[in-house]
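Trainee: I have a model open on my screen and would like to take a close look at one part of it with you. Could you walk me through it slowly?

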Amino acid sequence: MRKRVLSACLTAAIALGAPGAGTLTARAAGAGIGADQDARSVAKAQVEFGIEVARKKLWREAVYRFEKAAETDPTYAPAWNNLAIAYEQQGNFNDANKAYMKAVELEPNNMLIRQNYDLFKEIYDRLSRRTGR
Amino acid sequence: MTAFRVAPAASLALAALLAAGCTSFYEIGIETPIQPKLDVSSFQRVLVVGFIGGGSGEVDANMETVRLLRSQLRSRSQLNVIEAEVAPLADIVKQRQAEKAAAEPTAQPAGEPGESKMISEQELQEYEQIFADVAYWKKIGEEYQSPLIVTGTVYFAPITRSGIVELTSGESVDAFGRRQVGTVRRWMDRKGYALVPKLVFIDGRTGTTLYSESVREEILYDQSQNTPALSAYFELMDRYLPSFLNALSSQRIRGTRVLIK
């Protein structure tokens, strides 16, 4: 577990240098795109609150917050990643799959998102085979 | 268990990320709910009637499987488990085939009832015709007030495999006082057991099959290790049980994910 978190941390650092992450950072930094920056700030606030409630196992509220964040800023990958986790926890597998795919699409080099998605896929693929989905 | 845990080993990298204005992350425990494979809400009772055992005679696959599944269902399902005599399904099939052979001289009997011939994995398939006998299962269902019937085949047999195995070659301490564990790769012959349970769930009201599933589990031991067959059987069944229980009740898979800010 320790190894995994370490590797995730390092890969996250690498991901920051990746084109997708760079674009987002530049966007958040402003460069005259005030509306985007506002949307990102609002989304971040929702995500932060979502994490807080998820840590208290209030997953329904977490889903609502992450949904709000993804809706406010659809280019914010953490919102989709967290939303996918919350959906997964609730057994909403199809929506979780869509949300993970969106997060991966936005930040293909983010290893934390990749790792989450891989773990989810193991379960999802097994269920899909069973139900012939 | 909800948790905010960052491994100490990662703290330096995390601090660097945070210092650089990087988003932080939280490892969190989740429990993924898996819906049951079968809707058993219309049943109050379950009858693990018996199995057709094949393979090694070291373990009575029929008796042991019935005993194990009944005890698991008693403690981990909402259904009332019917305690009834275990049906000798293999003998029933043999008897039917003998009767059929007597009526049609060209038909091949599978063996005499009670004869202790080992049934191979392939031969087990010939016995599976009994699961499609709707009238037979409906009759059993009527006898036990329309329960969910659990039956099937269980093949358990010794196996041997050869291949490269990674072994630990002992411990040593390096110049910095760190403990080192060496590994060596060696070609080895190993022995073990294979377990192939095929479970059939039958509606006791109609005699029809609701669902069936089959898996193959194998376990290998060092040649020098003397593991009793019964112990291997339980080890293998232990791997299969979550899947069996998930047929009747919802299960939760525990795992961790990373929430990102």
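Which exposed residues does the face of α5(B) turned away from its buried side carry? And please show me how that helix fits into the rest of chain B.

Mentor: Happy to. Please keep in mind that this is a predicted model. The residues you are after are A135(B), K139(B) and E142(B), which are exposed on the face of α5(B) turned away from its buried side.

Now turn the helix around. α5(B) covers residues 134-143, and Y136(B), W137(B), I140(B) and G141(B) are its buried residues. Looking down the axis of α5(B), you will find these buried residues within an arc of 135°, so they line one face of the helix. Among the elements that cover them are β2 (45-55), α3 (89-103), β4 (148-173) and β5 (179-203) of chain B.

Let's follow the chain out of the helix. After α5(B) comes Q145(B), with a positive phi near 60°. Q145(B) is a residue other than glycine, and it sits in the loop between α5 and β4 of chain B. Is Q145(B) buried or exposed? Its relative accessible area is 57%, and exposed means over 50%, so Q145(B) counts as exposed. S146(B) lies in the loop between α5 and β4 of chain B too. S146(B) also has a positive phi, near 55°, and again this is a residue other than glycine. With a relative accessibility of 31%, S146(B) is classed as partly exposed.

That loop leads us to the strands. β4(B), one of the elements covering the buried side of α5(B), runs parallel to β2(B), and nine bridges join the two. If you want a pair to click on, L47(B) has I149(B) in β4(B) as its bridge partner. β2(B) also pairs with β3(B), in the parallel sense, over two bridges. There, V46(B) stands opposite V81(B) in β3(B). Nine of the eleven residues of β2(B) are buried, so this strand is largely enclosed by the rest of the structure.

Another helix packs against some of these strands. Helix α2(B) runs over residues 61-76, and its 16 residues should span 22 Å at 1.5 Å a residue; the end C-alpha atoms are 22 Å apart, which agrees. Its buried residues include A61(B), N62(B), V66(B), L68(B), L69(B) and L73(B), and among them are also E64(B), T65(B), R70(B) and Q72(B). They pack against β2, β3 (80-81), β4, β5 and α6 (229-248) of chain B.

You may wonder about the nonpolar side chains. In soluble globular proteins, such side chains tend to be buried together. Here the largest nonpolar core has 42 residues, and those with the most contacts inside it are V47(A), W59(A), F66(A), W80(A), L83(A), F120(A) and L259(B). Chain A gives two or more residues to this core from each of α3 (34-55), α4 (59-72), α5 (77-89), α6 (93-106) and α7 (111-131), and chain B does so from β1 (25-34) and β8 (251-260). Be careful with the labels here: α5(A) is the element that gives the largest share, eight residues. Setting aside neighbours within four places in sequence, L83(A) is in contact with V63(A), F66(A), E67(A) and A70(A). A second, separate core has 36 residues, including L38(B), V40(B), L68(B) and F156(B). Of these, L68(B) is one of the buried residues of α2(B) that we have just met.

The two strands that chain B gives to the largest core also belong together. β1(B) and β8(B) pair in the antiparallel sense over ten bridges. One example is E27(B), whose bridge partner in β8(B) is V258(B). Nine of the ten residues of β1(B) are buried, so β1(B) is largely enclosed by the rest of the structure.

Finally, step back to the whole chain. Chain B has six helices and eight strands, which follow the pattern α-β-β-α-β-α-α-α-β-β-β-β-α-β along the sequence. Of its 261 residues, 46% are buried. Its accessible surface comes to about 13,700 Å², with 49% of that belonging to carbon and sulfur atoms. Taking contacts in chain B between residues at least 6 apart in sequence, 72% join residues at least 24 apart.

Terms used
Residues are numbered from 1 along each chain as its sequence is written. Chains are lettered from A and ligands numbered from 1 in the order in which they are written. This is a predicted model: local features need pLDDT of at least 70, side-chain atom pairs count only at pLDDT 80 or more; totals for chains, interfaces and linings use all residues. Side-chain values use heavy atoms; hydrogens and water are left out. Helices (H or I, at least four residues) and strands (E, at least two) are DSSP runs, numbered from the N terminus. Buried means under 20% relative accessible area, exposed over 50%, partly exposed in between (1.4 Å probe, protein chains only). Contact means heavy atoms within 4.5 Å. Accessible areas come from the Shrake-Rupley method with a 1.4 Å probe; for residues, only the protein chains shown count as cover. The arc is that of the directions from the helix axis to the C-beta atoms. A nonpolar core is a set of buried Ala, Val, Leu, Ile, Met, Phe, Trp, Tyr and Cys residues joined through side-chain atoms within 4.5 Å. Two strands pair if DSSP finds at least two bridges between them. The expected span of a helix is 1.5 Å times one less than its number of residues.
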